[in-house]
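Welcome, and please take a first look at the sequence and the model. A set of questions and answers follows.

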Amino acid sequence: MPGTRVFRLIYTSRSRIGGEAAALASILATARANNAAAGVTGVLLHTPDGFAQVLEGSLSAVGATFERIQNDPRHGEVAVLEAGPADARLFGGWTMAAVDGTAAPDLAWPVAADPAALLALLHGLLAASPDAAGR
Ligand SMILES: Cc1cc2nc3c(=O)[nH]c(=O)nc-3n(C[C@H](O)[C@H](O)[C@H](O)COP(=O)(O)O)c2cc1C
């Protein structure tokens, strides 16, 4: 709807799955099915150490999704970097894109607490990952 603002939430967390591929695949499968139904889009950066995720959609959908995510024992130390209304979706093409943060050689964990720097990093990694699923 023209004029409808989206709500965007960005957080980082410490992984408790240690980069295990099957566990990550399970998270992404659930995320994409739920997000498609709820109109949520975004991107998940993962490394064996942690996650950074962008969630965007209606306030109620993002709120309900983040509530579940926050309580998920597969990660911890969830820290919100940014939460608020935005003019447009940045990752509107993806029910949940996945980018491997280990592809960013100088990515230290926890990632920079600056949301703009994190968004730039995510865009760069996504552009370099033509096979990022969740489109
Ligand atoms: C790092 C991480 C990211 C996740 N991202 C999403 C997501 O984008 N959408 C979603 O519905 N669930 C996501 N989940 C899974 C939720 O925590 C939860 O397991 C799932 O929504 C099912 O919730 P339910 O078992 O209460 O139905 C994520 C989990 C983790 C650990």
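**Strands, helices and a ligand shell**

Q: What makes β2 and β5 a pair, and is the pairing parallel or antiparallel?
A: Two strands count as paired if DSSP finds at least two bridges between them. β2 and β5 have four bridges, in the parallel sense, so by that rule they are a pair. One of the bridges links L44 to A98 in β5, and H46 stands opposite D100 in β5.

Q: What should a newcomer know about the model and its numbering?
A: The model is predicted: local features need pLDDT of at least 70 and side-chain atom pairs count only at pLDDT 80 or more, while totals for chains, interfaces and linings use all residues. Residues are numbered from 1 along each chain as its sequence is written.

Q: What makes a stretch a helix or a strand here, and how many of each are there?
A: Helices are DSSP runs of H or I with at least four residues, strands are runs of E with at least two, and both are numbered from the N terminus. By that count the chain has three helices and five strands. From the N terminus on, their order is β-α-β-β-α-β-β-α.

Q: Which strands stand at the edges of the sheet, and why?
A: The open sheet has five strands in the order β4-β1-β3-β2-β5, with mixed pairing. β4 (75-86) and β5 (97-100) each have a single partner strand, so one side of each has no neighbour in the sheet. On average, neighbouring strands are turned by 15 degrees against each other, direction ignored; the axes are lines fitted to C-alpha atoms (for helices over the stretch in contact), and angles run from 0 to 180 degrees between N-to-C directions.

Q: How do β2 and β3 run relative to each other, parallel or antiparallel?
A: They run antiparallel and are joined by six bridges. L45 has A52 of β3 as its bridge partner. β2 and β3 form a hairpin with three residues between them. In general, strands of a sheet pair through backbone hydrogen bonds, either parallel or antiparallel.

Q: Why is β2 called largely enclosed?
A: A residue is buried if 20 or more other C-beta atoms lie within 10 Å of its own, exposed if 12 or fewer, and partly exposed in between, with C-beta atoms placed from the backbone. Six of the six residues of β2 are buried, so the rest of the structure largely encloses this strand. T41, V43 and L45 point one way, while G42, L44 and H46 point the other way.

Q: Why is G57 called buried?
A: G57 has 22 other C-beta atoms within 10 Å. The cut-off is 20 or more, so G57 qualifies. This residue belongs to strand β3. Two residues are in contact if their C-beta atoms, placed from the backbone, lie within 7 Å. Leaving aside neighbours within four places in sequence, G57 has contacts including V6, A38, T41 and V62.

Q: How do you know that α1 spans about what a helix should?
A: The expected span is 1.5 Å times one less than the number of residues. For the 18 residues of α1 (21-38) that gives 26 Å, and the helix reaches 25 Å from its first C-alpha to its last, which is close.

Q: What makes I27, A31 and N35 line one face of α1?
A: These are the buried residues of α1. Seen down the axis, they fall within an arc of 50 degrees, so they line one face; the arc is that of the directions from the helix axis to the C-beta atoms. They pack against β2 (41-46). The face turned away carries exposed residues, among them A21 and A37.

Q: How do you know that the buried residues of α3 share a side?
A: In α3 (115-127), L121, L122 and L125 are buried. They cover an arc of only 100 degrees around the axis, which puts them on the same side of the helix. Their cover includes β2, β3 and β5.

Q: What makes a residue count as near the ligand, and which are the closest?
A: Its C-beta atom, placed from the backbone, must lie within 6 Å of the molecule. There are 16 residues around the ligand, and the closest are A31, N34, R68, D72 and R74. α1, β3 (50-57) and α2 (59-70) are the elements giving two or more residues to this shell. The largest share, five residues, comes from α1.
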